[in-house]
Amino acid sequence: MFCFQCQEAAGCKGCTKIGVCGKTEDVARAKDLLVYVTKGLAIVSSEGRKVGVVDSIVDRYITENLFTTITNANFDRDVILGRVRETLKLREELKSNVVKAGGKVGETRINGGLLKRILGMASQEVIMPDAAEWSGSTEVDFDAKAERVGVLATEDEDIRSLRELIVYGLKGLSAYMKHAMNLGYNDENIHGFMARALAATLDDSLGADELVALALEAGKYGVDGMALLDKANTGSYGHPEITKVDIGVRGNPGILISGHDLKDLDMLLKQTEGTGVDVYTHSEMLAGQYYPEFKKYGHFAGNYGNAWWKQAEEFEKFNGPILMTTNCVVTPKDSYRERLFTTGASGVPGCKHIEAAESGEKDFSQVIEMAKNCNSPTEIERGEIVGGFAHNQVLSLADKVVDAVKAGAIKRFFVMAGCDGRAKSRNYYTDFAKAIPKDTVILTAGCAKYKYNKLNLGEIGGISRVLDAGQCNDSYSLVVIALKLKEVFGLDDVNELPISYNIAWYEQKAVIVLLSLLHLGVKNIHLGPTLPAFLSPNVANVLVDSFGIGGITNVEDDIKMFMES
Ligand code: FSO
Ligand code: SF4
């Protein structure tokens, strides 16, 4: 196996024997193959679009496949290989529809090309890339193919780097699209781009310049995808508002819901109402606490625990069932394996998976029944945290914020969005948050906030010094806020604002957020705790030269550098 898609890639190079995330070699092979056949389906889908064939089932499938291969989402090889089989089937069905519509997708195979070739009619052949042609049915076929189509199949390290940058951005985008789609929101243009861009990563005629341009184009669609999800979330559950969230426990049995899918939270809250079971949020689901539509539930308790990587210890103490709606899943300990349920793109072999019905509804009754027989959660913390500073809420405070900036009470904003992770070096972010001048404010989104959201960093003129917009996709809110400030201050360039970007990344959703920021022209973003292993030296240089991207050094020097910029 070879995988270098996340920040925890072994030795900052790549995982080769087993993933630091727990991904085993056989799961890695299955995921490599799933990405490959998904590219094949994308090639056919792109060709189909040229003749007006748009298949929403295929679009959804491509989206879910990519999401399934994101770091820490799904460790279930059988599920992944099942998706490979279904993808091959969908691809052949789509091909015949495209051919019927006049498209050219391997007519030689479909319409008796062998015969044409024998008859010397080779000029009529349409040669499709292998990913759109290859087929297999047994695990032996699958494993043999997977060995040849992983990341290292692209030999040139710069082309490989750019192709993977694009694929990882698309994986992040697929997660956001899936959440939006679950709420009934969709955008055909984004699917069209995803198919085109995936197909392009197998196109040997594309050089580095074209791939850089495509990566930035992915950033444009990243903004669109995040905006769509913002619309889906706020349209369904209202605009997040300033909320104090209890981090202690109550006396009832509870269900802990983690991940990012608000539709799952919605269904779980409805189904647990009146059952005597409380619902707690975990990690990225904390953002659910900020939405008016969820606050109305009396049994919606507080937030339990911290960022994803502490789950083994915290899930043990929760005592009740845990529902993982997406990544980040850590290989469960036996002590709570039976209490861990997955749904959506997440999956762990041996843990129960809750499937959605055709209508999208999910039946959580077995989770609720289990909860009733469990002890209430063990208290691990007490107190509260404050969040809910998404764009609508912050813009309603815009006058206050602008006045504070004009009066010099706020000297600088630090965007510290992104992810948390287990590396000790990430304590940098706690130290950084503690050490920045008291007249500065942190804008955050994603699970990165757990490094400093319990530090009580105080307020400036009634404005909290840590403004948490919500989940990683709510980085969109931070962009909306920045653009509004640019307008209010009459600036031409968003980079003239007193905003510094010190972003912590872990997995592929952070990649699409980064590409989105680049697309919006944001410069001098610092990424840590390490730069992505998938950036080759030359590609990293392009990002440094064109966008001023940098890493982190130490708290003191970095603060000096940011404050002087
Ligand atoms: Fe964190 Fe995991 Fe939200 Fe990621 S829980 S690390 S960038 O999935 O998506 O921030
Ligand atoms: Fe390694 Fe990250 Fe890939 Fe897991 S997702 S195998 S930790 S690079």
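A residue counts as near a molecule if its C-beta atom, placed from the backbone, lies within 6 Å of it. In this predicted model, the residues that surround ligand 2 on that basis are Cys3, Phe4, Gln5, Cys6, Glu8, Ala9, Cys15, Gly19, Val20, Cys21, Lys23 and Thr71. By class, the shell around ligand 2 has seven nonpolar, three polar and two charged residues.

Helix α1 covers residues 25-50 and packs with helix α9, residues 188-200, at an angle of about 120°. The two axes are 8 Å apart. An angle that is neither under 35 degrees, nor over 145, nor from 65 to 115 counts as oblique, so α1 is oblique to α9. The crossing of α1 past α9 is left-handed. On the α1 side, the contact involves Thr38, Lys39, Ala42, Ile43, Ser45, Ser46 and Arg49; on the α9 side, Gly192, Ala195, Arg196, Leu198 and Ala199. This contact has five nonpolar, four polar and three charged residues.

Further along the chain is an open sheet of six strands, paired in parallel, in the order β4-β3-β2-β5-β6-β7. Strands β4 (300-303) and β7 (352-354) are at the edges; each has a single partner strand, so one side of each lacks a neighbour in the sheet. From one strand to the next, the twist averages 30°.

Within the sheet, β2 (residues 254-258) and β5 (residues 322-324) run parallel and are joined by three bridges. Ile257 stands opposite Leu323 in β5. Helix α15 (residues 365-372) packs on the sheet, where it touches β2, β5, β6 and β7, and its direction makes about 135° with that of β2. Helix α11 (residues 262-272) lies across β2, β3, β4, β5 and β6, running at about 170° to β2.

How values were computed: Residues are numbered from 1 along each chain as its sequence is written. Chains are lettered from A and ligands numbered from 1 in the order in which they are written. This is a predicted model: local features need pLDDT of at least 70, side-chain atom pairs count only at pLDDT 80 or more; totals for chains, interfaces and linings use all residues. Ala, Val, Leu, Ile, Met, Phe, Trp, Tyr, Cys and Pro count as nonpolar, Asp, Glu, Lys and Arg as charged, and the others, Gly among them, as polar. Two strands pair if DSSP finds at least two bridges between them. Helices (H or I, at least four residues) and strands (E, at least two) are DSSP runs, numbered from the N terminus. Axes are lines fitted to C-alpha atoms, for helices over the stretch in contact, and angles run from 0 to 180 degrees between N-to-C directions. Two residues are in contact if their C-beta atoms, placed from the backbone, lie within 7 Å. A crossing is left-handed if the near helix is turned anticlockwise from the far one by less than a right angle, and right-handed if clockwise.
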